[in-house]
Amino acid sequence: MYRAVTRNIEVQVRPFYLEDRSDPSENRYVWGYQITIDNQSDEFVQLLSRYWHITDGAGRVEEVRGPGVVGDQPELNPGDSYQYTSGCPLSTPSGFMVGHYTMRNKRGETFDIAIPAFSLDLPGTRDGELASFSPFTGRNARQGNEGRRWLVRLSSTHMTETRRATIHQ
């Protein structure tokens, strides 16, 4: 489980591989992710829009912006939670996602809350695959670095996750 808290609004993410929708022989890998937004603040908020920064295992980036989530712009009173499930296809067996939601409170103030960076990994390949590229430059980190231990930092405005990985040829 990955989590980030912004202005007392917690976002939790649980990614999972969808083997039945994937076809590795066609370079199609599909993940689902379940998101829970928990309003631990003392004010009403509404989710207006989403932004995703998706990076595949080759360092290719796709940005996604849009209104709401899964066709909804949920309203959360203090203590309310909202949960949804969505998915992401990639052409590589690993990658990661990070983003934010734009929220509005009763006073009309808009602000962003962090969606934590989370990895999309085939079962059994969690360590190593994510480090095959630099999330900051998109460059392949494998050449000349085989066997080296790396600390890979996935960061967004509000959180940083550190993972140890070994580069394999």
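Modeller: Let me start with a term: a residue is buried when its relative accessible area is under 20%. In this predicted model, buried residues make up 47% of the 169 residues in the chain.

Colleague: Thanks! How do you know that Ala114 is buried or exposed?

Modeller: Its relative accessibility is 1%. The cut-off for buried is under 20%, so Ala114 counts as buried. Ala114 lies in strand S9, and its C-alpha atom is 9.0 Å from that of Arg3, although the two are 111 residues apart along the chain.

Colleague: And what makes Asn27 partly exposed?

Modeller: Asn27 has 47% relative accessibility. That value falls between the 20% and 50% limits, so Asn27 is called partly exposed. Asn27 sits in the loop between S2 and S3. Its phi is near 55°, a positive value in a residue other than glycine.

Colleague: What makes a positive phi worth pointing out?

Modeller: Most residues other than glycine have a negative phi. Val70 is another residue to look at, with a positive phi near 40°; its place is in the loop between S5 and strand S6.

Colleague: Let's turn to the rings. Why are Tyr2 and Phe118 called a tilted aromatic pair?

Modeller: Their centres are 6.2 Å apart and their planes make an angle of 50°. A pair needs centres within 6.5 Å, so the distance qualifies. Stacked planes are under 30 degrees apart and edge-to-face planes over 60, so 50° leaves tilted. By this rule the count comes to seven aromatic pairs.

Colleague: What does the pair of Tyr2 and Phe118 tie together?

Modeller: Tyr2 lies in strand S1 and Phe118 in strand S9, so the pair links parts that are 116 residues apart in sequence. Both residues are buried, and they form one aromatic cluster with Tyr33 and Trp52.

Colleague: How do you know that Arg7 lies over the face of Phe111?

Modeller: Arg7 is 3.8 Å from the ring centre. The limit is within 6 Å of the centre, with a further condition of within 35 degrees of the ring normal. Lys106 gives a second case, with its charged end over the ring of Phe44 at 5.8 Å from the centre, again within the 6 Å limit.

Colleague: What makes a group of residues the nonpolar core, and which residues have the most contacts inside the largest one?

Modeller: Members are buried nonpolar residues joined through side-chain atoms within 4.5 Å. The largest such core here has 27 residues, and those with the most contacts inside it are Tyr33, Ile35, Ile37, Trp52, Tyr101 and Phe118. Strands S2, S3, S4, S7, S8 and S9 each supply at least two residues of this core. Setting aside neighbours within four places in sequence, the contacts of Ile35 include Val11, Trp52, Tyr101 and Ile115.

Colleague: How do you know that S4 and S5 pair, and in which sense?

Modeller: DSSP must find at least two bridges, and S4 and S5 have seven, in the antiparallel sense. They therefore count as paired. Trp52 stands opposite Val64 in S5. The two strands form a hairpin with four residues between them, and Gly59 in the turn has a positive phi of about 85°.

Colleague: Last one: how many helices and strands does the chain have?

Modeller: There is one helix, along with eleven strands, and from the N terminus on the elements run β-β-β-β-β-β-β-β-β-α-β-β.

Note on methods
Residues numbered from 1 in each chain as written. Predicted model: local features only at pLDDT ≥ 70, side-chain atom pairs only at ≥ 80, totals over all residues. Heavy atoms only, no water. Phe/Tyr/Trp six-rings, centres within 6.5 Å; stacked < 30°, edge-to-face > 60°. Buried < 20%, exposed > 50% of the residue type's maximum accessible area, 1.4 Å probe, protein only. Contact = heavy atoms within 4.5 Å.
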